[in-house]
Amino acid sequence: MTERGDLAEPRPHEELADESLISAGVEQAESSLDEDDRLKPEFLSAVLDAVDEGDIDHARELVSPLHPADIADLLELTPAEQRGEVAAALGDLVGAEVLSELNDYVRDDLIGALAPEQVAEFASELDTDDAVAIIEDMEEADQQAVLEAMEPEDRAAIESALSYPEESAGRMMQRDLVAVPEHMTVGQVIDYLRDNGDLTRDFWEIFVVDEGHKPIGTCQLSWVLTCPRGIAMADLMKREQTLIPVDMDQEEVALRFQKYALISAAVVDGSGRLVGMITVDDIVHIISEEAGEDILRLSGAGEGDINEPVMDSYRARVRWLLTNLLTALVASTIIGIFENTIEKMVALATLMPIVAGVGGNAGSQTMAVTVRALATNQITGSNARRTILREIRVALLNGCTVALVLGLGVGLVFHNVALGGVIAAAMMTNIVTAGLSGAAVPLAFDRMNLDPAVASSIFVTMITDSMGFFAFLGLATAAGLTG
């Protein structure tokens with residue numbers, strides 16, 4: 001018989017006690033969240049009140065059942081002036097996992113209050129990609145102090161990651177993976193996994209490498225567990241695999257995962273050697289981040305983070321607004337050209353914002369579709385022209401519909417058939433122009449290797465506003481509506 005030593009079977013009442021404690025914790029965690037899994041305002045108030053009153057034990061009791069992501073939400077919802085006090089009260093509940101879930105600005109605030117040794121300890125507990133996310137935005141002196149406090153192996157991994165460009169595969173990859181030579185059998189691989197306690201425990205596939213540590217195949221963990229021990233990995237592995245260059249942009253990496261339905265993928269350096277892996281949980285974060293980034297760029301709202309310092313938000317947005325001011329002068333100049341026409345018929349001043357506004361919305365619709373298609377690689381050199389023609393056809397249909405409704409309405413309200421015809425023609429012209437510019441401007445910026453999400457909207461707006469005013473006022477003058 002095998003000696004059990006000090007180990008003993010748990011007594012039935014102990015099992016029940018443990019289960020009841022776990023159940024109580026789950027119920028308490030659930031009671032703090034609403035139906036959308038957001039922390040309830042009254043729960044946040046209870047935690048803050050407990051900290052203010054110095055009842056630290058009660059605050060920790062409230063927070064301890066929460067998932068690390070929910071604790072991160074709690075700190076983000078806490079007013080900035082109280083955040084440090086709350087984090088200090090919660091102590092070890094604000095661990096490495098919580099830091100990795102925090103908003104960048106909130107995390108920077110908290111890390112700034114920690115000693116380098118504490119940051120180093122947190123970073124050592126995380127996967128390399130999460131540790132890099134914590135360290136990369138620190139001041140160079142603070143970053144160096146944290147690195148010096150880390151174990152040599154962990155420090156080497158972080159320094160290696162920081163040597164790659166920002167938002168590249170090298171920054172986001174994990175160094176901890178399982179790689180075996182092709183000559184090993186399934187049984188040898190299983191024994192290797194069991195006997196090596198230093199191996200990562202979070203993996204879905206095993207990479208098969210040659211003598212030069214270059215990946216030649218991949219094998220899902222489920223295949224290893226369900227095959228006879230004597231089968232060689234060379235016979236079991238799948239040789240076709242998607243390899244990610246270490247310097248590939250993270251957005252391109254996300255597109256590859258989406259296109260080929262990957263769960264994980266090997267990352268290789270310039271010589272083809274296996275240096276890391278990327279998993280789908282990291283990609284979900286990247287897809288969300290990149291999508292939000294493009295939306296905010298279209299509006300010129302900077303990073304759009306509610307935790308961003310006020311002056312940073314101001315600097316990011318005011319540049320955009322001043323540029324808009326300059327382009328608005330173009331439309332204003334066109335209105336000035338037709339000043340005499342407007343004076344003779346005041347109805348024109350009432351109606352011309354409609355033409356410009358609807359045209360602007362039409363342009364924004366087309367531009368949003370085009371920018372998204374560019375971001376997801378749906379538009380290439382082979383179908384760019386076809387895309388523009390498609391958007392023009394859509395614009396023609398939209399223009400006909402809106403122009404007919406608006407023309408009839410204006411003709412009836414103002415009892416002026418000619419005015420209805422002019423505004424219908426102007427609306428038709430502007431919507432078609434909006435469709436053309438909304439597709440062509442982003443494509444032009446992309447062809448010039450400029451980010452279409454950043455600059456497109458300001459030019460599309462200028463074009464639709466200017467064309468709307470020029471077409472309406474020009475046609476009104478040409479039609480002799482003002483005598």
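Helix α11 gives the most to the lining of the second largest pocket, supplying four residues. The model is predicted. In this model, the pocket holds about 480 Å³ of space. Its lining comprises 18 residues, and those closest to the centre are Thr128, Glu153, Asp154, Asp176 and Asp198.

Three helices each supply at least two residues of this lining: α8, α9 and α11. Helix α8 covers residues 116-124, α9 covers 128-135 and α11 covers 152-162.

The lining of the second largest pocket divides by class as follows.

| Class | Residues in the lining |
|---|---|
| Nonpolar | seven residues |
| Polar | three residues |
| Charged | eight residues |

Now the sheet. Three strands form an open sheet in the order β1-β2-β3, and the pairing is mixed. The edge strands are β1, at residues 179-181, and β3, at residues 215-220. Each of these two strands pairs on one side only. From one strand to the next, the twist averages 35°.

Strands of a sheet pair through backbone hydrogen bonds, in either parallel or antiparallel fashion. Here, β1 and β2 run parallel and are joined by three bridges. Strand β2 spans residues 205-209. One residue pair can be named: Val180 has Val208 in β2 as its bridge partner.

In short, the pocket lining has eight charged residues alongside seven nonpolar and three polar ones, and the open sheet follows the order β1-β2-β3.

Note on methods:
Residues are numbered from 1 along each chain as its sequence is written. This is a predicted model: local features need pLDDT of at least 70, side-chain atom pairs count only at pLDDT 80 or more; totals for chains, interfaces and linings use all residues. Side-chain values use heavy atoms; hydrogens and water are left out. On a 1 Å grid over the protein atoms alone, a cavity is a set of points where a 1.4 Å probe fits but cannot get out, and a pocket is an open set with protein on both sides within 12 Å along at least five of seven lines; lining residues have an atom within 4 Å of a point. Grid points are joined across faces, edges and corners, and a volume is the space filled by probe spheres set on the points. Ala, Val, Leu, Ile, Met, Phe, Trp, Tyr, Cys and Pro count as nonpolar, Asp, Glu, Lys and Arg as charged, and the others, Gly among them, as polar. Two strands pair if DSSP finds at least two bridges between them. Axes are lines fitted to C-alpha atoms, for helices over the stretch in contact, and angles run from 0 to 180 degrees between N-to-C directions.
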